[in-house]
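Reader: I would like a close look at a single part of this model, with its surroundings worked through step by step. Please start from one residue and go outward from there.

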Amino acid sequence: MEENINSNDSLAPRPTGPHISFPITSLIIGIVVAVVIVTIIIVNLAHTPTNTNQLPQESPIMPNPTTSNTAPAPTTKLNSGYEMPVLGLGTWTLDNETAENSVYTAIKVGYRLIDAAQYYGNEAGVGKAMKRAIDEGLIARKDIFITTKVMPSNYSRAYASIDESLAKLQTDYIDLLLIHQPGTNNRATYKALEQGVKDGKIRSIGISNYYTPNELNEVLSFATITPALVQNENHIFYQNTELLEYAAKDNIKIESWYPFGGRGHTEESFTNETIVALTEKYHKTPAQIILRWQIQAGYIVIPGSSNPDHIAENFDIFDFELTSTEMNDIAAINKNQRYENW
Ligand SMILES: NC(=O)c1ccc[n+]([C@@H]2O[C@H](COP(=O)([O-])OP(=O)(O)OC[C@H]3O[C@@H](n4cnc5c(N)ncnc54)[C@H](OP(=O)(O)O)[C@@H]3O)[C@@H](O)[C@H]2O)c1
C-alpha cells in the first residue's frame, strides 16, 4: 500500500489569496527566528546595569591573551569619557623598589589601574614597572590607567609638579591626577590641573579627602572641568553612602582607600562576623568578600599590597556575586568610624 505522506493535507487551510512563491514552512521558520532574535535583544536590554549594585560593563581595555594570566577588571566610564578599571593596586608605604616589584607583579596578574602619589615618593618605581611591562610586551601604555596626586607642598607650583610626575612615571600623560587633600590654594591648584588637561598632560581630574556634599560643592563652584572622582577613606566601618549618592548626580565616582582599614587595622575587617560568614558560603577570603562588596556597591577600590599572593588574591573576585540581602548585611556593619582624620 502506498504511504500517504499528505494524510493531514485535508486539515490545512487552503490558500485563498494570491499565490505565495515559498513554502509555508519557510515562513514559519522565519517567524520563529525573528521571535528568537527579538527575545534575545529584550533579555539583553533587561540585563543592562541600571543601578550601582551591578558591575559596569566590560570595556575596550582588553587583556593581551599571550601575556596576561587573567582577564582585566571591568571598567567604569568616567564623566571625562575615559574608562577606568574598578579595581587597582594601591602603593602607599611602598618604597620605589617595592612599588616597582608590586606594580610589575600586579600587571602580570591582570591589574590595569595603579594608584600612586607624589607624596608616596614612589612614582619612579611605578614608572619603572610600567616601562618594563611595556618593553616586555605585557601591555601597551594605553592599556594601563595611572593615578597620581599633587601633594600639598606642591599646591603653589602644581603645574610644574605635573611635569615632574610625568618624568618620574616615564609617560607623556597621566590618566587621573588628584588633589591629595583640601588645603590653601585649592582653587589655583585645581585650575593648574585643568590647564594640564587642556595641554594634554592629564586625562581626568579628581580630588581626594573631600567627605561631604558641601566640600564637593565648593570644588564644583569653581571647576570648569567637573572632577571625575573623589578618592576617600572608605571601608565596611565607614561607608559614607551619602557622598556616593550625591556625587552620582554628576557621574562623579567614589574611589575607596583603606578598603581593609589600612595597615595595622586589617584584622578588624577580616574578623568581622558578617564577612567571615560569607567567606564560608563563597569559599573566598575576607579580603575578597570586602573588595567584592565595594565594587558591587559602586566604589572603585585600590587595595594596597606588596605581597604577590595577596595581589593575586585581591584580583580574584570576579567569579562570584553577593546577593542584595548580603549587600544589605554588609551595609549594616557601617558605624561611621574613620581611622584617619585628614
Ligand atoms: N588619598 C589618600 O589620602 C590615601 C590615603 C591612604 C591610602 N591611599 C591609597 O589607597 C591604597 C589602599 O590603602 P592602604 O594600602 O593604605 O590600606 P589597605 O588597602 O586597606 O590595607 C593594606 C594592608 O592590607 C594588607 N593586605 C592586602 N591584601 C591582603 C590580603 N589579601 N590578605 C591579607 N592582608 C592583605 C597589606 O599587607 P601586604 O602588603 O602584606 O599584602 C597591608 O597591610 C593605598 O595603597 C594608597 O594607594 C590614599
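Author: The model is a predicted one. The starting point is P308, which counts as partly exposed because it has 15 C-beta neighbours inside 10 Å, whereas a buried residue would need 20 or more and an exposed one 12 or fewer. P308 is found in helix 11, which covers residues 308-315. Along the chain, P308 and V109 are 199 residues apart, yet their C-alpha atoms are separated by 9.2 Å.

Helix 11 also leads to the ligand. With three residues, helix 11 gives the most to the shell around the ligand. That shell holds 25 residues, and those that come nearest are G90, W257, A287, G304 and S305. By class, the shell divides into 14 polar, eight nonpolar and three charged residues.

One of the nearest residues, W257, belongs to strand 9, which spans residues 253-257. Strand 9 is mostly covered, with five of its five residues buried. On one side of the strand point K253, E255 and W257, and on the other I254 and S256; all are buried. Strand 9 runs parallel to strand 8 (residues 229-233), and five bridges join the two. In this pairing, W257 is the bridge partner of E233. W257 is thus a residue of the bridged strand and among those that come nearest to the ligand.

The other direction from P308 goes through V109. Helix 2 comprises residues 96-109 and packs with helix 3, residues 123-135, at an angle of about 35°. The axes of these two helices are 7 Å apart, and their crossing is right-handed. From helix 2, the contact is made by N96, E97, A99, E100, V103, Y104 and I107. Helix 3 contributes A124, G125, V126, K128, A129, M130, R132 and A133. The residues of this contact divide into nine nonpolar, four charged and two polar.

As for the setting of these parts, the chain has 12 helices and 10 strands. Of its 342 residues, 40% count as buried. Among contacts between residues at least 6 apart in sequence, 71% join residues at least 24 apart. The pair of P308 and V109, 199 residues apart along the chain, is given here by its C-alpha separation of 9.2 Å.

Key:
Residues are numbered from 1 along each chain as its sequence is written. This is a predicted model: local features need pLDDT of at least 70, side-chain atom pairs count only at pLDDT 80 or more; totals for chains, interfaces and linings use all residues. Axes are lines fitted to C-alpha atoms, for helices over the stretch in contact, and angles run from 0 to 180 degrees between N-to-C directions. Helices (H or I, at least four residues) and strands (E, at least two) are DSSP runs, numbered from the N terminus. A crossing is left-handed if the near helix is turned anticlockwise from the far one by less than a right angle, and right-handed if clockwise. Two residues are in contact if their C-beta atoms, placed from the backbone, lie within 7 Å. Ala, Val, Leu, Ile, Met, Phe, Trp, Tyr, Cys and Pro count as nonpolar, Asp, Glu, Lys and Arg as charged, and the others, Gly among them, as polar. A residue is near a molecule or strand if its C-beta atom, placed from the backbone, lies within 6 Å of it. Two strands pair if DSSP finds at least two bridges between them.
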